[in-house]
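The following account considers how two helices pack and which residues surround the internal spaces and a surface pocket. The reader is invited to follow it with the model in view.

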Amino acid sequence: MKTALITGASSGIGKELANIHASNGGNLVIVARSEEELNELKSKLESQHKVNVHVIVKDLTAPDATQEVYDEIKEAGIEIDYLINNAGFGGIGKFHERDWSSDQNMILLNVMALTHLCRLFTPDFVNRNSGKILNVSSTASLMPGPMQAVYFATKAFVRSLSNAISQELSETNATVTNLMPGATETDFGKTSGMDKTSLFDQTASAKDVAQAGYDAMLNGDMDIKTGLSFSQKAMLATIPFTPKKVLLKMVEKMQQPKD
């Protein structure tokens with residue numbers, strides 16, 4: 001019986017990952033800001049799958065939040081086998097016009113919290129010579145993102161970090177998987193404003209994205225792209241051959257709200 005720590009577990013891909021892991025008989029530590037939604041998920045999973053679910057209500061952008069999560073888990077005597085860094089958010093708009101506090105929190109959550117949790121748990125995995133990390137990045141990590149400059153940059157950081165740590169751990173039985181979903185049917189589209197753009201005309205189900213990521217994590221894959229339509233796959237395939245200025249204009253256009 002493996003125990004998974006999942007951040008951003010109250011909705012979307014994180015919630016689906018929790019459902020998948022519990023259905024496999026695994027215990028959970030679920031982290032998010034919404035106490036009510038976490039407790040509802042805890043009751044459901046414990047009732048349906050007879051697993052143990054530990055709830056931690058935490059805003060991961062707060063100072064020392066990640067250390068507090070780690071310390072609480074240690075004090076509870078819980079051993080984490082899978083670290084799933086799912087929490088994150090985006091926001092549309094020109095960089096110089098966006099609210100700085102929002103972008104700062106985006107960096108704190110998407111980059112700092114994820115990185116610190118990796119740093120906290122990786123030594124445990126190395127010492128045990130076992131453990132898996134799943135970091136939820138995005139296909140946005142593969143290119144710059146005019147109109148979402150900070151979000152795309154944070155996801156590029158996650159991809160780079162995940163791949164680098166994966167190589168560093170290659171002589172151990174610990175693995176790091178970088179999940180890169182395309183547009184997915186979650187609250188992300190609404191909160192970021194992306195649901196009003198052509199990128200979200202075709203969305204993948206959060207359940208399918210979560211399953212693909214979970215399976216890749218179990219396999220120890222370094223990267224997994226999922227939730228992409230044929231046209232989206234074709235576009236990504238052309239990125240290495242597209243002049244950067246042309247690519248930037250394409251991305252900017254796709255992220256303009258539709259009339």
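In this predicted model, helices α4 and α5 pack with their axes 10 Å apart and at an angle of about 5°. Because angles under 35 degrees count as roughly parallel, α4 is described as roughly parallel to α5. On the α4 side, the contact is made by D103, M106, I107, N110, V111, L114 and T115; α5 contributes V150, Y151, T154, K155, F157, V158 and L161. By class, the residues of this contact comprise 9 nonpolar, 3 polar and 2 charged.

These two helices also take part in enclosing space. The count of cavities of 30 Å³ or more comes to 2. The largest cavity holds about 50 Å³ of space, and both α4 and α5 (149–168) supply at least two residues of its lining. The most comes from α5, with 3 residues. Which residues line the largest cavity? The lining consists of G91, G93, K94, F95, R98, D103, M106, Q148, A149, V150 and Y151. Of these, D103 and M106 of α4 also belong to the contact between the helices, as do V150 and Y151 of α5. The lining of the largest cavity divides into 5 nonpolar, 3 polar and 3 charged residues.

The second largest cavity has a volume of about 30 Å³. Around this space lie T7, L60, N85, N86, A87, L109, A113, L114 and L117. Here α4 provides the largest share of the lining, 4 residues. L114, one of the lining residues, is also part of the contact that α4 makes with α5. In composition, the lining of the second largest cavity has 6 nonpolar and 3 polar residues, with no charged ones.

Attention now turns to a pocket. The second largest pocket has a volume of about 150 Å³. Its lining is formed by L60, T61, A62, P63, D64, A65, T66, Q67, L108, M112, A113 and H116. Two or more residues of this lining come from each of α3 (65–75) and α4 (100–128), and α4 gives the most, with 4 residues. By class, 7 residues of the pocket lining are nonpolar, 4 are polar and 1 is charged. L60 and A113 line the second largest pocket and also border the second largest cavity.

Helix α4 thus recurs throughout this account: α4 packs with α5, supplies residues to the lining of the largest cavity, and gives 4 residues to that of the second largest cavity and 4 to that of the second largest pocket.

Conventions
Residues are numbered from 1 along each chain as its sequence is written. This is a predicted model: local features need pLDDT of at least 70, side-chain atom pairs count only at pLDDT 80 or more; totals for chains, interfaces and linings use all residues. Side-chain values use heavy atoms; hydrogens and water are left out. On a 1 Å grid over the protein atoms alone, a cavity is a set of points where a 1.4 Å probe fits but cannot get out, and a pocket is an open set with protein on both sides within 12 Å along at least five of seven lines; lining residues have an atom within 4 Å of a point. Grid points are joined across faces, edges and corners, and a volume is the space filled by probe spheres set on the points. Ala, Val, Leu, Ile, Met, Phe, Trp, Tyr, Cys and Pro count as nonpolar, Asp, Glu, Lys and Arg as charged, and the others, Gly among them, as polar. Axes are lines fitted to C-alpha atoms, for helices over the stretch in contact, and angles run from 0 to 180 degrees between N-to-C directions. Angles under 35 degrees count as roughly parallel, over 145 as roughly antiparallel, 65 to 115 as roughly perpendicular and the rest as oblique. Contact means heavy atoms within 4.5 Å.
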